[in-house]
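Me: I've just opened this structure and I'd like to learn how to read it. Can you walk me through it, piece by piece?

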Amino acid sequence: MKALVVRKDEESGKTSAAVEEIGIDDLPRAEVTVAVEYSTVNYKDGLCIGPGGGLVRSYPHVPGIDFAGTVEASDDPRYSPGDKVVLTGWRVGEAHWGGYAQKARVKADWLVPLPEGLSTRQAMAVGTAGFTAMLAVMALEDHGIKDGPVLVTGAAGGVGSVATAILAHLGHEVAAVTGRPETEAYLRSLGATQIVAREEINETVKRPLETETWAGCVDAVGGAMLARVLGQMKYGASVAAVGLAGGAGLPATVVPFLLRGVNLLGIDSVMQPYDNRVRAWGRIARDLPMDKLDAMIRPATLADLPQLGADILKGQVQGRVVVDVNA
Ligand code: NDP
């Protein structure tokens with residue numbers, strides 16, 4: 001079978017990624033063998049295709065932090081051959097070989113049955129980024145979304161695109177922050193009604209509180225942008241912090257929490273319990289318009305991955321890359 005294998009040269013410490021033929025016995029031992037159909041490209045995949053950044057446990061390595069496909073063999077009674085399944089998280093593609101291969105062997109606990117109404121291709125158009133966007137929306141809902149515009153940062157990226165489409169479909173007014181003005185038509189097609197230039201939010205402001213503007217926020221960027229947004233939230237509103245595409249530091253003050261009761265909700269898609277994953281995938285099948293999802297898809301093959309991995313680390317990928325591992 002074909003796989004994208006990352007190897008490390010022990011002498012130079014450099015890694016290189018190439019499509020290779022591997023055998024079924026090369027795969028790690030685990031209960032369920034899945035014939036992978038589609039995988040995707042997430043920020044972490046960019047890291048794992050490259051030098052690993054501490055994520056990859058050992059080399060050679062097959063990245064791909066998510067995949068969807070059909071069960072081929074199972075030692076676990078929960079899954080039978082022919083079942084359609086989806087996997088995100090559990091450090092698959094990092095500590096365990098992942099979805100950039102025509103087959104994967106994984107623990108049954110890590111899988112979720114594909115929800116009714118979603119194809120394996122659509123599930124991967126959603127992928128980890130979209131699954132995380134849904135978790136972020138659910139966290140905002142749990143804390144109550146105020147009246148007014150909901151901000152989405154890093155909007156043209158994977159998490160941002162799906163969050164924009166879901167929030168708009170649920171009837172919220174969505175303000176999309178992007179550093180790429182050329183994506184305006186795309187973001188409006190997903191349902192954003194307001195486009196905010198990245199510089200507008202990134203501009204340095206000394207005041208810890210500004211006009212109460214946002215009724216909620218899905219933040220994929222972190223860093224200075226998240227710090228500024230905290231001071232612009234409405235009283236009692238919540239920010240679901242998903243990512244750090246703009247930096248891991250948080251140059252903020254405690255004032256928005258103390259004087260505006262702002263909630264900062266951390267979202268982790270990796271260790272989500274089974275019931276939450278099933279609930280989130282069910283909501284995705286229901287609350288994400290499939291025509292909008294189609295507009296986000298950029299098709300790719302295993303051979304495209306080294307370049308796409310580099311592109312996503314530079315923030316240059318729009319929407320969701322869907323990798324057909326059999327193409
Ligand atoms: P993408 O690269 O697809 O999107 C990130 C977007 O952020 C870019 O498209 C760009 O949007 C914006 N951006 C990039 N660099 C900067 C910068 N320096 N300053 C401001 N904005 C920037 O990545 P994903 O959407 O897949 O992931 C986003 C983040 O979420 C990543 O940090 C990722 O690791 C994290 N993540 C976390 C998960 C979790 O479980 N918590 C799960 C999945 C992802 P634009 O061009 O519109 O400005």
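Reply: Sure. Let's start with an idea for reading the ligand site: a polar contact is a pair of N or O atoms within 3.5 Å. Keep in mind that this is a predicted model.

Me: Okay, so how far is a nitrogen atom of the ligand from a polar backbone atom of Ile267?

Reply: Those two atoms are 2.7 Å apart, so the pair falls inside the 3.5 Å cut-off and counts as a polar contact. Val242 also uses its backbone: a polar atom there is 2.9 Å from a ligand nitrogen. With Thr178 it's the side chain, which places a polar atom 2.7 Å from a ligand oxygen.

Me: How much of the ligand does the protein bury?

Reply: On its own, the ligand would expose 920 Å², and 87% of that is buried by the protein.

Me: And how many residues surround the ligand?

Reply: There are 26 of them, with Thr178, Gly179, Arg180, Ile267 and Ser269 the closest. Sorted by class, the shell has 13 nonpolar, 10 polar and three charged residues.

Me: Which element gives the most to that shell?

Reply: That's α2, with three residues. At least two residues each come from α2 (120-143), α3 (158-169) and β9 (174-178).

Me: Now the sheet. What's the general idea there?

Reply: Strands of a sheet pair through backbone hydrogen bonds, either parallel or antiparallel. In this case you have an open sheet of six strands, paired in parallel, and the order to trace is β10-β9-β8-β11-β12-β13.

Me: Which strands are at the edges?

Reply: Look for β10 (194-197) and β13 (263-266), each of which pairs on one side only. Between neighbouring strands of this sheet, the average turn is 20°, ignoring direction.

Me: Could we zoom in on one pair of strands?

Reply: Take β8, residues 150-152, which pairs with β9 in the parallel sense over three bridges. Within it, Val152 sits opposite Ala176 of β9.

Me: What do α2 and α3 touch or lie across in the sheet?

Reply: Helix α2 packs on the sheet and touches β8, β11 (216-219), β12 (238-241) and β13. The direction of α2 makes about 155° with that of β12. As for α3, it lies across β8, β9 and β11, at about 160° to β8.

Me: What about a single residue, say Met290? Which residues does Met290 touch?

Reply: Leaving out residues up to four places away in sequence, Met290 touches Leu118, Gln122, Ile284 and Ala285. You'll find Met290 in helix α9 (residues 290-296). You can also compare sequence with space: Met290 and Ala129 are 161 residues apart along the chain, and their C-alpha atoms are 16 Å apart.

Me: Any backbone details to look at before we stop?

Reply: Two. First, Tyr59 and Pro60 are joined by a cis peptide bond, with omega about -5°; Pro60 is in the loop between α1 (43-49) and β4 (66-74). Then go to Trp90, in the loop between β5 (84-88) and β6 (103-106). Trp90 has a positive phi of about 60°, although it is not a glycine.

Notes. Residues numbered from 1 in each chain as written. Predicted model: local features only at pLDDT ≥ 70, side-chain atom pairs only at ≥ 80, totals over all residues. Heavy atoms only, no water. Near = heavy atom within 4 Å. Polar contact = N/O pair within 3.5 Å; in protein donor to acceptor, adjacent residues only side chain to side chain. Areas by Shrake-Rupley, 256 points an atom, 1.4 Å probe, with all protein chains shown as cover. Helix = DSSP H or I, 4+ residues; strand = E, 2+ residues; numbered from the N terminus. Nonpolar A, V, L, I, M, F, W, Y, C, P; charged D, E, K, R; others polar. Pairing = 2+ DSSP bridges. Axes fitted to C-alpha atoms, helices over the stretch in contact; angles between N-to-C directions. Contact = heavy atoms within 4.5 Å.
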